[in-house]
Amino acid sequence: MPKKTVSTENLKNFIRKESAHFLQQENITSVGIGYKIKDGKPTKELSIQFTVGQKVALEEIGSIGAVKIPESFTIDGVEVPTDVIQRSYDLSAREVKQLAVPKRKIAIDPIVPGVSIGHPRISAGTAGCVVFDKNNGTPFILSNWHVLQGADGNIGDEIVQPGAHDDNRVDRNIVGKLVRSHLGVAGDCAIASIDNRQLAPEIFDLNVGVARIGEPDLGDRVIKSGRTTDVTYGIVQRIQVTTRIDYRGVGSKEIGCFEIGPDPAHPAANEEISMGGDSGSAWLFVDDDDITDMMLGLHFAGEVGNQPEHALACYAGSVFEKLSISPIQPLESVIEALGSIGYAENFLRESIAMPTAATDEVKNDLLAVSGLTVIKYMHFSLSMSRSRRFARWVAWNIDGGSLRSLSRKGIQFKQDPRLPSNAQVDNDLYKNNPLDRGHIARRADLLWGSLSEAKKANTDSFFYTNITPQHEAFNQSSANGIWGALEDAIFADVDVEDLRVTVMGGPIFSNSDPVYRGIQLPRQFWKTIYFRETGNPAIDVKGYVLTQADLLNQIEVLELPEFSVYEVPISKIGEMTGLSLQLGVEAETLANVRRGQVRQITELAPAKIRRISSVSEIVS
């Protein structure tokens, strides 16, 4: 008859219920589930495992004020043995010697997980991973409470990178503020905003960002990248642990966690898998020899003195739940202010719908992320083409009454971490040639609203999803900002109601587009501008096509002809793009009076235009 065993869940429930009682004894430092150790080696027998600060003979227990731990417990009718290990813990953000990789300990932009960070009054810890607010999608950096706050800190305090121990020039290293924190059974954790530099999700030396969270099991292999010991591997050797740790200035706190020991297959330098300064590191799951994007724990403590090498990590799931954060930016972010996140259809007091696919070809080509084909950013939204890896369309709102002037200094073009990397073009396309990384939704158009909204829009505009290759001849200031000059011309004699404008635009894809470095380059772009004149109840709309066809034919030379801009009926733009675009007053005027016609704009002034009778000049 097979031996009756107790379920892991019942063992977990026992730990949750009884750990606080046992931890009242000063000598007991933690209670958890682990394989019973005999002759210094783990067996395959599950046990309720106790760690004690001092392991003494039975007759000496009373001398240290301790009580004998039972040899076993009956759980669910099964006798479960106990195990006692001598072990104490200390936090991993204490003063440390100046070792390790210098780059982890200097100011870095963008800030990446794995580098030094901390509260100005705390020596140094580690930036764990990039996370996002569950409700509004704001990006934060995750680390420990005792790294970002500590006993003397408060929510709203400034955060420095690197930590003060690595660079005491605190004033120049301020990067953000402490946003939320928790110290208790759910974990030792905190998040900070990064306001003065950029953030990148790939962990230092691991080259992977956290995209999932999981729960560790005994024997799982893990890896972390820390400020002090760099990249180290480990094996989960105890789970469902509750430990008691003395936090300086706060006192004794019980923390839920799991324990990690060395991985013999990947020994650490000096046999140290963690040291002071590694607090806040993310422990990732290792599948065979592959580093995954799944985070299992948040490192916060390690062994004391000459005790066996091990580390403690808070459960990632518990930390993320407590801080209300997500490993990926929610596509359906929610902000109360109208138009704060994503394109607002009712921005002009009348619904102006986003473009939709008008053909099966376009519909089947739209990239879906978490089942959604519309991707939202601050003040704009877009849909991506799977085949071309550029946006099919971008829709954005402009509030001219609250526009701000913000610098673009230090903001880097980057891929959107919510999308697969191979679904978006990166910087390789733009190296050593006359191609510019041209914004579809203009950066200057998006910098409105509150300062925090404008700052987020500023950085959001630099995602490669909002970028297309545009020739420097018309994208840079030497062309006087063609799209901006066009808008100035449109509004030269128009009193726009409330200074509010809705704009849509994107590339026009053609099978004959030239291929460059394996990417088909769009030769033409479209733009529609919706606005309401003061005193006029109807929405006006104007449509334009800009062509860089001649420029791209001369891509490798500098003798370049002029670009061309045409005013085009909205219906014609729809035909050229395979999109359904909302019409306005234009549907009853321009489209009907000059059906099928376009106007070439030879000079960007409303009175200086030339009509042509065919669209053949702009359709190839």
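## Unusual backbone angles

Gln240 sits in strand S15, which covers residues 230-247. This is a predicted model. The report looks at four places in its backbone.

Start with the general rule. Most residues other than glycine have a negative phi, and most peptide bonds are trans. Now for the exceptions.

**Positive phi.** Gln240 has a phi near 50°, a positive value in a residue other than glycine. Asn207 also has a positive phi, near 55°, and is likewise not a glycine. Asn207 lies in a loop, between strand S12 (187-192) and strand S13 (212-213).

Is each residue buried or exposed? Gln240 has 12% relative accessibility, so it counts as buried. The cut-off for buried is under 20%. Asn207 has 65% relative accessibility, so it counts as exposed. The cut-off for exposed is over 50%.

**Cis peptide bonds.** Which bonds are cis? One runs from Asp109 to Pro110. Another runs from Gln161 to Pro162. The table lists both, with the place of each proline.

| Peptide bond | Omega | Place of the proline |
|---|---|---|
| Asp109 to Pro110, cis | near 5° | Pro110: loop between strand S5 (89-91) and strand S6 (116-117) |
| Gln161 to Pro162, cis | near 5° | Pro162: loop between strand S10 (158-160) and strand S11 (174-184) |

To find these places in the structure, follow the strands. Look for Pro110 after strand S5 and before strand S6. Look for Pro162 between strands S10 and S11. For the positive phi values, go to the loop between S12 and S13 for Asn207, and to strand S15 for Gln240.

Conventions. Residues numbered from 1 in each chain as written. Predicted model: local features only at pLDDT ≥ 70, side-chain atom pairs only at ≥ 80, totals over all residues. Heavy atoms only, no water. Helix = DSSP H or I, 4+ residues; strand = E, 2+ residues; numbered from the N terminus. Buried < 20%, exposed > 50% of the residue type's maximum accessible area, 1.4 Å probe, protein only.
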